[in-house]
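Please open the model in your viewer and keep the selection tool ready. The stops below go from one part of the chain to the next, each with something to select and something to look for.

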Amino acid sequence: MTRGLAQRIVVVAFAVALLLAPLATVAPTTATETGGFHWARKSSQFTLQVGSNLDGPWPAILKQVVADWNKGETVTFRIVGGGTGPQECRPVTGRVETCNWPYGTQVGWLGLTRLYFNDRGDHIQSATVQMNDSFFATNSQYNNDAARRHTMCHEMGHSAGEDHKSTSSCMNDSQFAVFNYLHPINKDFNELARTYNHKDSTSTVAGKQKKDKKDKKKKKSGKKGKKRSNRDRRQSRAESEGFFSPTSLPAVPSGLTGSETMTVESTEDGRKVVSLITWAEK
Ligand SMILES: [Zn+2]
Ligand SMILES: [Zn+2]
């Protein structure tokens with residue numbers, strides 16, 4: 001069998017599996033294939049809203065991570081009030097939602113980024129970033145600020161479309177990196193600049209962008225004391241709506257030896273969802 005034919009068969013089998021198996025993990029693929037995932041927007045520099053559904057040490061970690069990533073000029077993360085419950089961590093169109101919760105240790109993931117694509121499947125339309133407190137908030141090697149900082153930095157990079165690196169960036173996916181590579185580096189910013197160098201005719205990014213920055217006075221929402229109760233309220237709402245549970249997904253692909261994989265799934269309405277998983281060491 002020629003190599004080309006073999007590849008085509010794999011592609012066809014993959015497409016069929018996508019059609020037949022909604023919400024099932026279709027195929028683990030290598031994370032190097034994440035290259036090219038990006039949000040649609042009409043300018044090369046843009047602002048991406050980050051909903052915070054966080055508590056405990058996480059809001060401070062997110063703030064630091066966002067400040068790190070915002071040293072690059074392409075993507076500017078802006079933290080806003082959360083739009084989902086932390087356990088369900090549902091996507092909100094045009095935004096990144098960040099969540100922490102004790103999601104459990106059975107599946108074994110430490111951090112999880114999901115990229116939800118638009119109808120055409122060519123641009124990210126929303127993203128969720130989840131931190132698993134079943135590891136971070138327990139008596140495990142991950143209960144420290146280095147691991148928290150790395151993982152948040154790593155998953156936030158994925159949410160912008162960033163790929164893995166073999167550099168000293170937080171986008172490095174080795175176990176060593178989890179405790180030692182806590183920040184993005186210039187190479188990451190250069191890659192983001194390349195990824196977003198083209199301009200799209202449409203936008204999948206929510207909120208006002210630089211071009212129309214007319215109304216500067218936005219109400220600062222949310223007092224500290226209120227946040228907690230909002231988070232809880234959103235959580236109970238999400239539970240009653242019965243969105244698919246991240247705790248049941250993704251399944252562990254068999255024979256995994258690396259610390260991370262990428263899976264491609266589809267939602268009930270046929271949209272592509274890419275999950276990027278950082279695994280805890282067994
Ligand atoms: Zn594009
Ligand atoms: Zn990753």
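Leaving aside its neighbours within four places in sequence, which residues is Val65 in contact with? Select Val65 in what is a predicted model, and then add Arg149, Met152, Cys153 and Met156, which are the residues in contact with Val65 once those sequence neighbours are left aside. Val65 and Met156, together with Leu48, touch the most other members of the largest nonpolar core, which has 48 residues. To follow this core further, select helix H2, residues 58–69, which supplies the largest share of the core with six residues.

Before the next stop, colour the whole chain by secondary structure, which comes to seven helices and eight strands. Of the 282 residues in the chain, 40% are buried, and among the contacts between residues at least 6 apart in sequence, 73% join residues at least 24 apart.

Now select helix H4, residues 145–159. H4 is mostly covered, with 13 of its 15 residues buried, and from its first C-alpha to its last it reaches 21 Å, close to the 21 Å expected at 1.5 Å a residue. Just after H4, pick out Gly161, which takes a positive phi of about 105°.

From there, go to Phe179 in helix H5, residues 175–180. Phe179 counts as partly exposed because 15 other C-beta atoms lie within 10 Å, a number that falls between the limit of 12 or fewer for exposed and that of 20 or more for buried. Not counting residues up to four places away in sequence, Phe179 touches Ala146, Ala147 and His150. If you also select Tyr142, you will find its C-alpha atom 8.4 Å from that of Phe179, although the two are 37 residues apart along the chain.

Helix H6, residues 186–195, is the next selection, and within it Asp188, Glu191, Leu192 and Thr195 are buried. Looking down the axis of H6, you will see these buried residues fall within an arc of 100°, so they line one face of the helix. The buried residues of H6 pack against strand E3 (75–81) and helix H4, whereas the face turned away from the buried side carries the exposed residues Asn186, Asn190 and Arg194.

Follow the chain in the loop between E3 and strand E4 (96–101) until you come to Cys89. Most residues other than glycine have a negative phi. Cys89, although it is not a glycine, has a positive phi of about 50°, and it counts as buried because it has 28 C-beta neighbours inside 10 Å.

The tour ends at strand E6, residues 124–132, where nine of the nine residues are buried, so the strand is largely enclosed by the rest of the structure. E6 pairs with E4 in the parallel sense over six bridges, and to see where they meet you can select Trp101, which stands opposite Asn132 in E6. With strand E5, residues 109–117, E6 pairs in the antiparallel sense over seven bridges, and Thr128 in E6 is the bridge partner of Arg114. E5 and E6 form a hairpin with six residues between them, and in its turn you can select Gly121, which has a positive phi of about 75°.

Notes:
Residues are numbered from 1 along each chain as its sequence is written. Chains are lettered from A and ligands numbered from 1 in the order in which they are written. This is a predicted model: local features need pLDDT of at least 70, side-chain atom pairs count only at pLDDT 80 or more; totals for chains, interfaces and linings use all residues. Helices (H or I, at least four residues) and strands (E, at least two) are DSSP runs, numbered from the N terminus. The arc is that of the directions from the helix axis to the C-beta atoms. Two residues are in contact if their C-beta atoms, placed from the backbone, lie within 7 Å. A nonpolar core is a set of buried Ala, Val, Leu, Ile, Met, Phe, Trp, Tyr and Cys residues joined through C-beta atoms within 7 Å. The expected span of a helix is 1.5 Å times one less than its number of residues. Two strands pair if DSSP finds at least two bridges between them.
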